[in-house]
Every structure is written in structure tokens, then in C-alpha cells.
Amino acid sequence: GNGKVFHVQLLDVHGGEIRASFFNEAADSFWEKLHVGKCYSMSRGGVRVANQQYNSCNHRYEISFDKGAQISEAANDTEIESVKLSLTDLQTLQS
């Protein structure tokens, strides 16, 4: 079937990072509502072990949201980074 999906990486105040996936109706509902640098309150998602083949995030788990998801914008928290970078020395990338 024709499904829709998009993924985001969420950051918390402790520097933790986890991937969240939005499927079908949730993808339609939240694609234009989520913005980098904003804070959100999220509930009614499911947690599963992350498939590292498709998930570049280092967290062991990932969150998935479908049509039952509840997400609302929350007050911004200046302690949460808006972008998290993982830097790698170029010499370690050479084969």
C-alpha cells in the first residue's frame, strides 16, 4: 500500500537524542507543525528497539507515532540544544 512516513531526531535537556517516526495520518497531521528549535509535549507514541540499519541515532530505542498521537507545542527550554553535532576526525574515516 501507499504509506507515508517522516522521521525526526528529538533532543532532551540532558543531551539525549532519540529518533521519532510519524506514519500515515500522523505524518499528514504533524509534517508542517513540527519545527527545528521548538519544544513539544508528545504522548501516545510507541517505543521499540531501534533498527540501527535505518536509524543513524545512537539511542537503543525509537518512538513511533500514528493517528492516535498527541503533540502540542510547549514553552521553549533554553537548556535544550536545537542542533546536536557528532564530529569525526577525517583520518578515522579513511580506509
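# A tour from the salt-bridge network outward

Start by selecting Arg-19, Arg-48 and Glu-62: these three residues are linked in a network of salt bridges. What you have open is a predicted model, so please read every value below as computed from it.

**Stop 1: Glu-62 and its two partners**

Centre the view on Glu-62 and show its side chain together with that of Arg-48. The two form a salt bridge, and their closest N and O atoms are 2.9 Å apart. Colour strand β4 (residues 46–49) and strand β5 while you are here: Arg-48 lies in β4 and Glu-62 in β5, so this pair ties together parts that are 14 residues apart in sequence.

Now swing over to Arg-19, which also forms a salt bridge with Glu-62, with 3.5 Å between the closest N and O atoms. This pair links distant parts of the chain, with Arg-19 in strand β2 and Glu-62 in strand β5, 43 residues apart.

Is Glu-62 buried or exposed? Switch on a surface to look: Glu-62 has 4% relative accessibility and therefore counts as buried. Arg-19 counts as buried too, at 11%. Arg-48, in contrast, is partly exposed, with a relative accessibility of 36%.

**Stop 2: Glu-73 and Lys-38**

Next, select Glu-73 and Lys-38. They form another salt bridge, and here the closest N and O atoms are 3.8 Å apart. Glu-73 sits in strand β6 (residues 70–74), while Lys-38 is in the loop between α1 and β3; the pair links distant parts of the chain, 35 residues apart. Lys-38 is partly exposed, with a relative accessible area of 40%. For your notes, the count of salt bridges in this model comes to 4.

**Stop 3: the aromatic cluster**

Clear the selection and pick Phe-6, Phe-22, Phe-30, Trp-31 and Phe-65, which form one aromatic cluster. How many aromatic pairs does a search of the whole structure find? It finds 4. A pair of aromatic rings is described by the distance of the centres and the angle of the planes.

Begin with Phe-6 and Trp-31. Turn the view until you look along one of the rings: this pair is edge-to-face, at 5.0 Å centre to centre and with 75° between the planes. Phe-6 belongs to strand β1 (residues 5–11), and Trp-31 to the loop between α1 (25–30) and β3 (39–43); they are 25 residues apart, and the pair links distant parts of the chain. The two partners differ in their surroundings: Phe-6 counts as buried at 9% relative accessibility, whereas Trp-31 counts as exposed at 55%.

Then move to Phe-22 and Phe-65, a stacked pair with 5.0 Å centre to centre and 20° between the planes. Phe-22 lies in strand β2 (residues 17–23) and Phe-65 in strand β5 (residues 61–65), so the pair ties together parts that are 43 residues apart in sequence. Both of these phenylalanines are buried.

It is worth showing β2 and β5 once more at this point. Arg-19 of β2 and Glu-62 of β5 were the salt-bridge pair from the opening stop, and Phe-22 and Phe-65 lie in these strands as well.

**Stop 4: a nonpolar patch on the surface**

Turn the surface back on and select Val-47, Val-49 and Tyr-61. Together they form a nonpolar patch on the surface, with about 280 Å² of accessible area. Tyr-61 is found in strand β5 and counts as partly exposed, at 31% relative accessibility.

**Stop 5: the cysteines**

Select Cys-39 and Cys-57. Cys-39 is buried, with a relative accessible area of 13%, and Cys-57 is buried at 2%. Across the whole structure, the search finds 0 disulfides.

**Last stop: the whole chain**

Zoom out and switch to a cartoon. You can trace 2 helices and 6 strands, arranged along the sequence in the pattern β-β-α-β-β-β-β-α. The chain has 95 residues, of which 22% count as buried.

Among contacts in the chain with a separation of 6 or more, 57% are between residues 24 or more positions apart. As for the outside, the chain exposes about 7,300 Å², and carbon and sulfur atoms supply 48% of that area.

Conventions
Residues are numbered from 1 along each chain as its sequence is written. This is a predicted model: local features need pLDDT of at least 70, side-chain atom pairs count only at pLDDT 80 or more; totals for chains, interfaces and linings use all residues. Side-chain values use heavy atoms; hydrogens and water are left out. Rings of Phe, Tyr and Trp (its six-membered ring) pair if their centres lie within 6.5 Å; planes under 30 degrees apart count as stacked, over 60 as edge-to-face and the rest as tilted. Helices (H or I, at least four residues) and strands (E, at least two) are DSSP runs, numbered from the N terminus. Buried means under 20% relative accessible area, exposed over 50%, partly exposed in between (1.4 Å probe, protein chains only). Patches are made of residues with over 30% relative accessible area and no salt bridge: like charges are joined within 9 Å, nonpolar side chains (Val, Leu, Ile, Met, Phe, Trp, Tyr) within 5 Å. Accessible areas come from the Shrake-Rupley method with a 1.4 Å probe; for residues, only the protein chains shown count as cover. A disulfide is a pair of cysteine sulfur atoms within 2.5 Å. Contact means heavy atoms within 4.5 Å.
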